[in-house]
Amino acid sequence: YRMSNILAALGVGQLSRLDEMVERRRAVRDAYAKHLADIPSISFLGRDSETGDAADNCWLTCVILGAEADKTPDDVIAALGERNIEARHLWKPMHLQPLFRNARMFGGGVSEHLFARGVTLPSGSVLSAHDIDRVVTAIRYVLDAEA
């Protein structure tokens with residue numbers, strides 16, 4: 001794969017704003033975590049209160065629905081979609097892709113669990129407080145959590 005000169009120039013231009021953009025993405029994830037903290041069936045992938053997430057660029061905010069959740073990621077994704085909010089499953093593990101179904105796989109099932117229980121939320125650095133509230137409200141609604 002080769003990056004075009006135009007894409008390379010855009011990337012270089014964004015470097016001057018990188019720290020600001022990463023900080024905003026952290027703020028987005030922290031807002032989600034704050035507003036959803038009382039829902040025991042949700043955890044945040046990669047969010048570690050002990051380390052303070054110092055090395056995490058918060059490129060993508062992902063929630064994992066615990067086994068006690070009575071809804072599936074499909075339920076959450078559909079509820080968000082009905083409100084014109086894009087959300088997706090976490091990436092499908094390579095060994096579950098048709099092309100690699102007969103390939104040897106290493107691992108202990110973590111990727112399958114994350115794919116089965118994970119949802120990616122809108123995470124852009126341009127999300128407003130209103131956008132975040134819309135996502136939180138939809139998640140709370142589908143999980144029957146008090147608003």
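**Buried spots, a stacked pair and a pocket**

With a relative accessibility of just 1%, Cys58 counts as buried in this predicted model. Cys58 sits in the loop between β1 and β2, and its backbone is a bit unusual: phi is positive, about 55 degrees, even though the residue is not a glycine. Most residues other than glycine have a negative phi. Asn84 is another non-glycine residue with a positive phi, near 60 degrees in this case. Asn84 belongs to the loop between α3 (73-82) and β3, and at 71% relative accessibility it counts as exposed, since the cut-off for that label is over 50%.

Next come the aromatic rings. Searching the whole structure turns up one aromatic pair. The partners are Trp59 and Trp91, and because their ring centres are 5.8 Å apart with planes at 5 degrees, the pair is stacked. Trp59 is in the loop between β1 and β2, while Trp91 is in the loop between β3 and α4 (110-117), so the pair links distant parts of the chain, 32 residues apart. Neither ring-bearing residue is tucked away: Trp59 has a relative accessibility of 52% and counts as exposed, and Trp91 is exposed as well, with a relative accessible area of 57%.

Trp91 also shows up in the lining of the largest pocket, together with Leu60, Glu86, Ala87, Arg88, His89, Thr120, Leu121 and Pro122. Two elements, β3 (88-89) and β4, each give two or more residues to that lining. The space in this pocket comes to about 160 Å³. Sorted by class, its lining has five nonpolar residues, two polar ones and two charged ones.

One of the lining residues, Thr120, is worth following further. Thr120 lies in strand β4 and is buried, with a relative accessible area of 9%. Leaving aside residues up to four places away in sequence, Thr120 touches Leu60, Thr61, Cys62, Ala87, Arg88, His89 and Leu90. Several of these contacts reappear in the pocket lining, among them Leu60, Ala87, Arg88 and His89. Thr120 and Leu15, by contrast, are separated by 105 residues in sequence and by 25 Å in space, C-alpha to C-alpha.

Turning to the helices, α2 covers residues 18-36, and its length can be checked with simple arithmetic. At 1.5 Å a residue, its 19 residues should span 27 Å, and the end C-alpha atoms are indeed 27 Å apart, so the two values agree. The buried residues of α2 are Met21, Val22, Arg25, Val28, Arg29, Ala31, Tyr32, Ala33 and Leu36, a list that has two arginines in it. What covers these buried residues includes both helices and strands: α1 (5-15), β1 (42-44), β2 (61-65), β4 (118-121) and α5 (129-142).

Helix α5, part of that cover, is also where Val142 is found. At 10% relative accessibility Val142 counts as buried, as the label needs a value under 20%. Its contacts, not counting residues up to four places away in sequence, are Lys71, Asp75, Val76 and Ala79. Val142 and Leu80 are 62 residues apart along the sequence, yet their C-alpha atoms are 8.7 Å apart in space.

Methods
Residues are numbered from 1 along each chain as its sequence is written. This is a predicted model: local features need pLDDT of at least 70, side-chain atom pairs count only at pLDDT 80 or more; totals for chains, interfaces and linings use all residues. Side-chain values use heavy atoms; hydrogens and water are left out. Helices (H or I, at least four residues) and strands (E, at least two) are DSSP runs, numbered from the N terminus. The expected span of a helix is 1.5 Å times one less than its number of residues. Buried means under 20% relative accessible area, exposed over 50%, partly exposed in between (1.4 Å probe, protein chains only). Contact means heavy atoms within 4.5 Å. On a 1 Å grid over the protein atoms alone, a cavity is a set of points where a 1.4 Å probe fits but cannot get out, and a pocket is an open set with protein on both sides within 12 Å along at least five of seven lines; lining residues have an atom within 4 Å of a point. Grid points are joined across faces, edges and corners, and a volume is the space filled by probe spheres set on the points. Ala, Val, Leu, Ile, Met, Phe, Trp, Tyr, Cys and Pro count as nonpolar, Asp, Glu, Lys and Arg as charged, and the others, Gly among them, as polar. Rings of Phe, Tyr and Trp (its six-membered ring) pair if their centres lie within 6.5 Å; planes under 30 degrees apart count as stacked, over 60 as edge-to-face and the rest as tilted.
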